[in-house]
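Me: I have a structure open and would like to talk it through before I go back to the bench. Can we take it piece by piece?

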Amino acid sequence: MKIGILETGRPPGSLAQEFGDYPTMFERLLGPGFEVERFDVEAGALPSDKHAAYLITGSPAGVYEPLPWIEPLQEFIRSAKESRMVGICFGHQVMAEALGGHVEKSSKGWGAGLHRYSMIRNEAWMDGANDIAAPASHQDQVVIQPPNTEVVTMSDFTPFAGLAWTDRPAISFQFHPEFSPAFAKALIEQRYDIVPDPDAAIASLDAPNDNARVGRWIRNFLNGESK
């Protein structure tokens, strides 16, 4: 399968050298069977030919910022309704904003560390889990649910943590299944002065996570497969 990874940001400092950039993390998460083409969206690169699927990465940017690449990305999202699409963190937010929802800098502040989410809807590409744990790193949140979506997972901190669209083949998650615990810890250390209780957030990442499980879900979805 040919998949376009829309890179909307890079790890801060030297973390990309140690852990890889975000497209590399997603390639590791998805495993073999995908022909990946990268697009540097911040530099204005968007696909000109059709791919079977697209994956939109995380970013330090906010969807509401007046950056020149955000509106073209939203236009692309609206136009690519026949291809499968997956959004993670910023990708989740920009898909929601582009397709009729709304994103804001949350008054709840930063979410960091290992967060637990309840599964409230079982899609065909899932496996019947009741809850999952995955790394989180965000201050912005979807605050108005886009039309034509079902909420598939949520928490008290993040009510719209996972969405599945009903009018197009698209899903998105606020959390980061592509983050290894080591990278998630290093990211918190980079933001030590702004993340609340950073030591507790770092320690939480020693608990078991469901990254591999969510990776299988995304793989199933991209391949059009059930569990």
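**Glutamine 141, a helix and the empty spaces**

Reply: Happy to, and please keep in mind that this is a predicted model. One place to begin is glutamine 141, which touches Gln93, His102, Val103, Glu104, Ser106, Lys108, Phe157, Thr158, Pro159 and Gln174, leaving aside residues up to four places away in sequence.

Me: Where does glutamine 141 sit, in which strand?

Reply: Glutamine 141 belongs to strand β8, which covers residues 140-144.

Me: And is glutamine 141 buried or exposed?

Reply: Glutamine 141 counts as buried because its relative accessibility is 3%, and the cut-off for buried is under 20%.

Me: What lies 2.8 Å from a polar atom of its side chain?

Reply: That is the backbone oxygen of phenylalanine 157, and Phe157 is also among the residues that glutamine 141 touches.

Me: Changing topic to helix α3, which of its residues are buried?

Reply: In α3, which spans residues 70-79, the buried ones are Ile70, Leu73, Gln74, Phe76 and Ile77. Viewed down the helix axis, these buried residues fall within an arc of 160°, so they line one face of α3.

Me: Why would residues three or four places apart point the same way?

Reply: An α-helix has 3.6 residues a turn, so residues at that spacing point the same way.

Me: What do the buried residues of α3 pack against?

Reply: They pack against the strands β1 (2-7), β3 (53-56) and β4 (84-88), and also against α4.

Me: Now the empty space: how much of it lies in the largest pocket, and which residues are nearest its centre?

Reply: The largest pocket holds about 320 Å³ of space, and of the 24 residues that line it, Ser59, Pro60, Ala61, Trp110 and Arg191 lie nearest its centre. The elements that give two or more residues to this lining are α4 (90-98) and β7 (131-138). By class, the lining of the largest pocket is made up of 11 nonpolar, 8 polar and 5 charged residues.

Me: How many cavities of 30 Å³ or more does a search of the whole structure find?

Reply: The search finds 1, and the volume of the largest cavity is about 60 Å³.

Me: What lines the largest cavity?

Reply: Its lining includes Trp110, Pro135, Leu187 and Arg191, and β6 (111-119), β7 and α5 (181-190) each supply at least two of the lining residues. By class, that lining divides into 9 nonpolar, 2 polar and 1 charged. Trp110 and Arg191 are thus named for the cavity lining and also among the residues nearest the centre of the largest pocket.

Notes:
Residues numbered from 1 in each chain as written. Predicted model: local features only at pLDDT ≥ 70, side-chain atom pairs only at ≥ 80, totals over all residues. Heavy atoms only, no water. Helix = DSSP H or I, 4+ residues; strand = E, 2+ residues; numbered from the N terminus. Buried < 20%, exposed > 50% of the residue type's maximum accessible area, 1.4 Å probe, protein only. Polar contact = N/O pair within 3.5 Å; in protein donor to acceptor, adjacent residues only side chain to side chain. Contact = heavy atoms within 4.5 Å. 1 Å grid on protein atoms, 1.4 Å probe; cavity = no way out; pocket = protein on both sides within 12 Å on 5 of 7 lines; lining within 4 Å. Points joined across faces, edges and corners; volume = space filled by probe spheres on them. Nonpolar A, V, L, I, M, F, W, Y, C, P; charged D, E, K, R; others polar. Arc of directions from axis to C-beta.
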